Amino acid sequence: MRPIRVLVVEDSIVFRELLVQNLSKDPAIQVVGTAKDPFEARDAILAYKPDVMTLDVELPRMNGIEFLRKLMPQYPLPVVVISSLSDKVFDALNAGAVDFVAKPAVSSRAQLEDFVKNELLVKIKIASTAKISNIKKVVMAHEQQKLATAKDKNLIVAIGASTGGTEAILAVVKEFGTDIPGIVVVQHMPQGFTEMYARRLNDQCRIQVKEARTGDRVMPGSMLIAPGGDMHMQLVKVNGVYQVECKRGPKVNGHCPSVEVLFESVAKVAGANAVGIILTGMGGDGAKGLLSMRKAGARTIGQDESTCVVYGMPKVAYDLGAVEYQEKLSDIPSRTYALLNKM
């Protein structure tokens, strides 16, 4: 099996060379070229035809986001963005990047080696399997859905996603009105970025969106996103009201927060009063939890292969029998409303 051909685009010569050295240690990776700005990157793409490109957002002559917007329509390529803590990363994902990693504050070579081995290499390998044709803005063609179910039924919607999930979640929840039951979400993301992502969704959706904190109520017309970092989010019920609890814990299925942890808690606490949705992402995080939800009487939806950036998590869930309805991304909002209206 041939190695993954990688192009590294980074304006700092020191950081660029350190990335190349550490990426090259993995036999599955071949760094075919480097570039310090988008113009050099364009020439390198044509010359080396890489499988994956790593891209710094802040670049001379043209920023990485503008470069992506020009590049992707002409030369679709899996891109992993390396970004400092900034909401610009979501512009990059919207422009066509597959995923991102948080740029480390490196104080030693050991820290950089750890970053490359445990974060960047993982993202590059996932990106090499991504369906670039599915990284696009989804245009919904539905009329606005209405919820006929009474709000006092204490219903809840739980969503889990990973690679490609930031745009997929937006595509789904943008279609939800303020009548939707409370929503809880785990999207695999580094610490700090989930708060910015929540603000971004809050600005673009009719529902209210925020990063979750322990004790936050899960209210109709609102969505709570699990904080990135080292805490899992679980659903709890206090005096008959759904709340979330965010607690530190070890990684589950390689992730913290984990979709599995959230879905298992929803199965236990909400039972048949829930709809579970599993979206694009590598691996199997959340698949067993979604099965637990279905066994508890919840209705479940999985994103189909044709619209996933990475058909991993939904596939594992489907193969386990956890997915009741497999839908294209554009059909998930209407299916969600249809199921809620039957409860």
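**Exercises on strands and helices**

Strand β6 (residues 156–161) and strand β7 pair in the parallel sense over six bridges. This is a predicted model, in which local features need pLDDT of at least 70 and side-chain atom pairs count only at pLDDT 80 or more, while totals for chains, interfaces and linings use all residues. Residues are numbered from 1 along each chain as its sequence is written, and side-chain values use heavy atoms, with hydrogens and water left out. Helices (H or I, at least four residues) and strands (E, at least two) are DSSP runs, numbered from the N terminus. Two strands pair if DSSP finds at least two bridges between them.

**Exercise 1.** Identify the residue opposite I156 in β7, and establish how far β7 is buried.

*Solution.*
- Step 1: The residue of β7 that stands opposite I156 is G182.
- Step 2: Strand β7 (residues 182–187) has six of its six residues buried (under 20% relative accessible area, with exposed over 50%, partly exposed in between, a 1.4 Å probe and protein chains only).
- Step 3: The strand is therefore largely enclosed by the rest of the structure.
- Step 4: On one side of β7 point G182, V184 and V186, and on the other I183, V185 and Q187; all are buried.

**Exercise 2.** Describe the open sheet of five strands, and trace the bridges of β3.

*Solution.*
- Step 1: The strands follow the order β2-β1-β3-β4-β5, with parallel pairing.
- Step 2: The edges are held by β2 (29–35) and β5 (99–102), each with a single partner strand, so one side of each has no neighbour in the sheet.
- Step 3: β1 (residues 4–9) runs parallel to β3 (residues 52–56) and is joined to it by four bridges, L7 having M53 as its bridge partner.
- Step 4: β3 also pairs with β4 in the parallel sense, over four bridges; here M53 has V79 as its bridge partner.
- Step 5: Both faces of β4 are covered, since V79, V81 and S83 on one side and V80 and I82 on the other are all buried.

**Exercise 3.** State at what angle α1 and α5 pack, and analyse their contact.

*Solution.*
- Step 1: Helix α1 (residues 13–23) packs with helix α5 (residues 109–127) at an angle of about 65°, their axes being 10 Å apart. Axes are lines fitted to C-alpha atoms, for helices over the stretch in contact, and angles run from 0 to 180 degrees between N-to-C directions.
- Step 2: The two helices, α1 and α5, are therefore roughly perpendicular to each other (65 to 115 degrees).
- Step 3: In the contact (heavy atoms within 4.5 Å), α1 contributes residues including F15, L18 and L19, and α5 contributes residues including L112, F115 and V116.
- Step 4: The contact of α1 with α5 comprises 10 nonpolar, two polar and two charged residues. Ala, Val, Leu, Ile, Met, Phe, Trp, Tyr, Cys and Pro count as nonpolar, Asp, Glu, Lys and Arg as charged, and the others, Gly among them, as polar.

**Exercise 4.** Name the residues that join α4 to α7, and classify them.

*Solution.*
- Step 1: Helix α4 (residues 88–95) packs with helix α7 (residues 193–204) at about 65°, with axes 9 Å apart.
- Step 2: V89, F90 and D91 of α4 make the contact with F193, M196, Y197 and R200 of α7.
- Step 3: Five nonpolar, no polar and two charged residues take part in the contact of α4 with α7.

**Exercise 5.** List the buried residues of α9 and the elements against which they pack.

*Solution.*
- Step 1: In helix α9 (residues 287–295), the residues A287, G289, L290, L291 and M293 are buried.
- Step 2: The buried residues of α9 pack against β6, α8 (259–269), β12 (274–278), β13 (299–303) and α10 (313–320).
- Step 3: Just after α9, G297 has a positive phi of about 105°.

Notes
Angles under 35 degrees count as roughly parallel, over 145 as roughly antiparallel, 65 to 115 as roughly perpendicular and the rest as oblique.
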